[in-house]
Amino acid sequence: MTGMAQDRASLAALAGKAAQNARDLLAEAEILLDRGRWARAFALSVLAFEEFGKGSAAVALAALPAEMGAQLPVHDLQARHGPKLSSAYGVSAMFGPPAQMREALSAMEDLARDANEAKMRGFYVDLRDDGSVRQPSEEVTEAEARGQVARVREVLRFSQRLSADHLVLELHQ
């Protein structure tokens with residue numbers, strides 16, 4: 001363990017706050033989408049998805065017996081993008097048809113890496129191999145941004161029915 005508290009109350013608080021932050025990030029992504037800021041809307045919606053993943057993983061950790069949960073570092077949920085995105089893809093895969101679930105679960109690591117790279121393209125100016133400069137506004141189309149925001153909106157809408165706060169509170173009983 002990394003020295004961080006991993007008791008159920010702390011994990012419940014993390015799950016609840018991450019869920020709220022995911023909703024806030026999505027709301028801000030939708031504002032940017034309405035203003036035609038495709039790259040930033042896309043990137044913020046990926047961040048919202050990451051926060052959803054963090055909250056989902058916190059719920060899963062809280063459900064584990066204490067001795068098992070203590071062996072899994074909460075730090076990974078806060079510092080690394082991959083575990084948060086993998087958690088988000090894993091949980092969201094359960095909301096779709098079985099074929100989609102199998103595909104998503106087998107490709108989680110690739111999906112998480114691709115989502116993180118796409119998010120970065122939405123934030124940063126970079127130099128391409130050919131010497132030209134790539135700007136975020138050139139990298140994300142309106143259709144990509146609208147699709148990403150819609151996917152995250154649907155996942156968050158469904159997850160609210162399964163409220164992380166409600167699930168974790170039940171674990172305390």
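**Note on a predicted helical model**

1. Helix α2, which covers residues 38-63, has 26 residues that at 1.5 Å a residue should span 38 Å, and its end C-alpha atoms are indeed 38 Å apart, so expectation and model agree. The model is a predicted one, and this agreement should be read with that in mind. Helix α2 is also mostly covered, with 21 of its 26 residues buried.

2. As to the overall fold, the chain contains 10 helices and two strands. In sequence order the elements follow the pattern α-α-α-α-α-α-α-β-β-α-α-α. Among contacts between residues at least 6 apart in sequence, 72% join residues that are at least 24 apart.

3. Turning to the surface, 38% of the 173 residues of the chain count as buried. The accessible surface of the chain comes to about 9600 Å², and carbon and sulfur atoms account for 55% of that area.

4. In soluble globular proteins, nonpolar side chains tend to be buried together. Here the largest nonpolar core has 21 residues, of which Leu-26, Phe-42, Val-152 and Leu-156 touch the most other members. The elements that contribute two or more residues to this core are α1 (8-34), α2, α7 and α9, and the largest share, eight residues, comes from α2. Apart from this core lies another, of seven residues, which includes Leu-14, Ala-15, Ala-58 and Ala-62.

5. The surroundings of Phe-42 deserve a separate look. When its neighbours within four places in sequence are left aside, Phe-42 is in contact with Ala-118, Lys-119, Val-140, Glu-144, Ala-145 and Gln-148. Phe-42 is also one of the residues that touch the most other members of the largest nonpolar core.

6. Side chains of opposite charge can pair when their charged atoms come close. A search of the whole structure finds nine salt bridges, one of which joins the side chains of Glu-139 and Arg-121 at 3.5 Å, N to O. This pair links distant parts of the chain, because Glu-139 belongs to helix α8 (residues 136-139) and Arg-121 to helix α7 (residues 108-121), with their positions 18 residues apart in sequence. Arg-121 is partly exposed, with a relative accessible area of 28%. Both residues also take part in a network of salt bridges that links Arg-121, Arg-128, Glu-138 and Glu-139.

7. Helix α9 holds salt bridges between residues of its own. An α-helix has 3.6 residues a turn, so residues three or four places apart point the same way. Glu-142 and Arg-146 both lie in helix α9 (residues 142-161), four residues apart, which is about one turn of the helix, and their side chains meet in a salt bridge of 2.8 Å, N to O. Glu-142 is partly exposed at a relative accessible area of 35%, and Arg-146 is likewise partly exposed, at 37%.

8. The other pair to note in helix α9 is Glu-154 and Arg-157, which lie three residues apart, again about one turn of the helix. Their closest N and O atoms are 3.1 Å apart, and the two form a salt bridge. Glu-154 has a relative accessible area of 40% and is therefore partly exposed, since that class lies between the 20% limit for buried and the 50% limit for exposed. By the same limits Arg-157, at 41% relative accessibility, counts as partly exposed.

How values were computed:
Residues numbered from 1 in each chain as written. Predicted model: local features only at pLDDT ≥ 70, side-chain atom pairs only at ≥ 80, totals over all residues. Heavy atoms only, no water. Salt bridge = Lys/Arg side-chain N within 4 Å of Asp/Glu carboxyl O. Buried < 20%, exposed > 50% of the residue type's maximum accessible area, 1.4 Å probe, protein only. Expected span 1.5 Å × (residues − 1). Contact = heavy atoms within 4.5 Å. Areas by Shrake-Rupley, 256 points an atom, 1.4 Å probe, with all protein chains shown as cover. Core = buried A, V, L, I, M, F, W, Y, C linked by side-chain atoms within 4.5 Å.
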